[in-house]
Amino acid sequence: MSLFRQASLVLIFLLVTTSNSRAQSDYGDALLYSQGCRMVGSLAETVMGERQKEVPISEMMHRIKATVSLIGFDGLPIDENGLAKVVLLAYEMPRFHSSELQQDAVSAFRNIVERQCYNQQLHGD
């Protein structure tokens with residue numbers, strides 16, 4: 001099983017067990033959720049990008065906590081524990097040396113995180 005496939009399965013578990021689930025009954029809620037998934041994906045992209053630059057994991061944990069303190073959790077379909085788990089998962093992924101492979105890892109990680117977020121919305125997991 002590929003590393004990204006394993007990450008995807010782990011992320012399903014993380015999002016299901018740590019999310020702030022709520023009913024998405026109208027268009028406004030669905031739009032808010034979509035924006036939340038986009039924001040979570042953006043945070044995941046940043047985390048993996050910094051991981052590829054060998055930023056220490058403790059620094060990323062601090063940055064995530066500071067970011068969440070500034071923006072809060074309104075509209076985020078994940079809580080602070082879930083974001084910390086995303087950081088841990090990113091640091092379980094390999095660090096690549098070529099910029100092309102680094103960018104591939106960043107894009108793939110963001111897509112994994114966003115896909116699981118949207119799956120949660122669509123399937124109510």
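**Reasoning from values to terms in a predicted model**

User: How do you know that the span of helix H4 agrees with its number of residues?

Analyst: This model is predicted, and the span is computed from it. The expected span is 1.5 Å times one less than the number of residues. For the 13 residues of H4, that gives 18 Å, and the end C-alpha atoms lie 19 Å apart, so the two values agree.

User: Which residues of H4 are called buried?

Analyst: Under 20% relative accessible area is the condition for that word. In H4, the residues that meet it are Gly82, Leu83, Ala84, Val86, Val87, Leu89, Ala90 and Tyr91.

User: Why is Gln102 called buried?

Analyst: Gln102 has a relative accessibility of 17%. Buried means under 20%, so the term applies. Gln102 is part of helix H5, residues 99-123.

User: What makes the approach of Gln102 to Phe96 a polar contact?

Analyst: The side chain of Gln102 comes to 2.7 Å from the backbone oxygen of Phe96. The cut-off for such a pair of N or O atoms is within 3.5 Å, and therefore the distance qualifies. Beyond its neighbours within four places in sequence, Gln102 is in contact with Gln52, Arg95, Phe96 and His97.

User: How do you know that Cys37 and Cys117 form a disulfide?

Analyst: Their sulfur atoms are 2.0 Å apart. The limit is within 2.5 Å, so the pair counts as a disulfide. The structure holds one disulfide. The pair links distant parts of the chain, with Cys37 in helix H2 (residues 27-52) and Cys117 in helix H5, 80 residues apart. Both Cys37 and Cys117 are buried. With -80 degrees about the S-S bond, this link is left-handed.

User: What makes Glu50 and Lys53 a salt bridge?

Analyst: The closest N and O atoms of Glu50 and Lys53 are 3.2 Å apart. Within 4 Å is the requirement, so the pair qualifies. Side chains of opposite charge can pair when their charged atoms come close. The count for the structure is six salt bridges.

User: Are Glu50 and Lys53 buried or exposed?

Analyst: Glu50 has a relative accessible area of 14% and is therefore buried, whereas Lys53, at 59%, counts as exposed. The boundaries are under 20% for buried and over 50% for exposed.

User: How do you know that Glu50 and Arg63 meet in a salt bridge?

Analyst: The N to O distance between the side chains of Glu50 and Arg63 is 2.7 Å, and the limit is within 4 Å. Glu50 belongs to helix H2 and Arg63 to helix H3 (residues 57-71), so the pair ties together parts that are 13 residues apart in sequence. Arg63 has a relative accessibility of 33% and counts as partly exposed.

User: What makes Glu54 and Arg95 a salt bridge?

Analyst: The side chains of Glu54 and Arg95 meet at 3.5 Å, N to O, and the condition is within 4 Å. Glu54 lies in the loop between H2 and H3 and Arg95 in the loop between helix H4 (80-92) and H5, so the pair ties together parts that are 41 residues apart in sequence. Glu54 is exposed at 57%, while Arg95 is partly exposed at 24%.

User: Which residues are joined into one network by salt bridges that share partners?

Analyst: Glu50, Lys53, Glu59 and Arg63 are joined in this way.

Definitions and conventions
Residues numbered from 1 in each chain as written. Predicted model: local features only at pLDDT ≥ 70, side-chain atom pairs only at ≥ 80, totals over all residues. Heavy atoms only, no water. Helix = DSSP H or I, 4+ residues; strand = E, 2+ residues; numbered from the N terminus. Buried < 20%, exposed > 50% of the residue type's maximum accessible area, 1.4 Å probe, protein only. Polar contact = N/O pair within 3.5 Å; in protein donor to acceptor, adjacent residues only side chain to side chain. Contact = heavy atoms within 4.5 Å.
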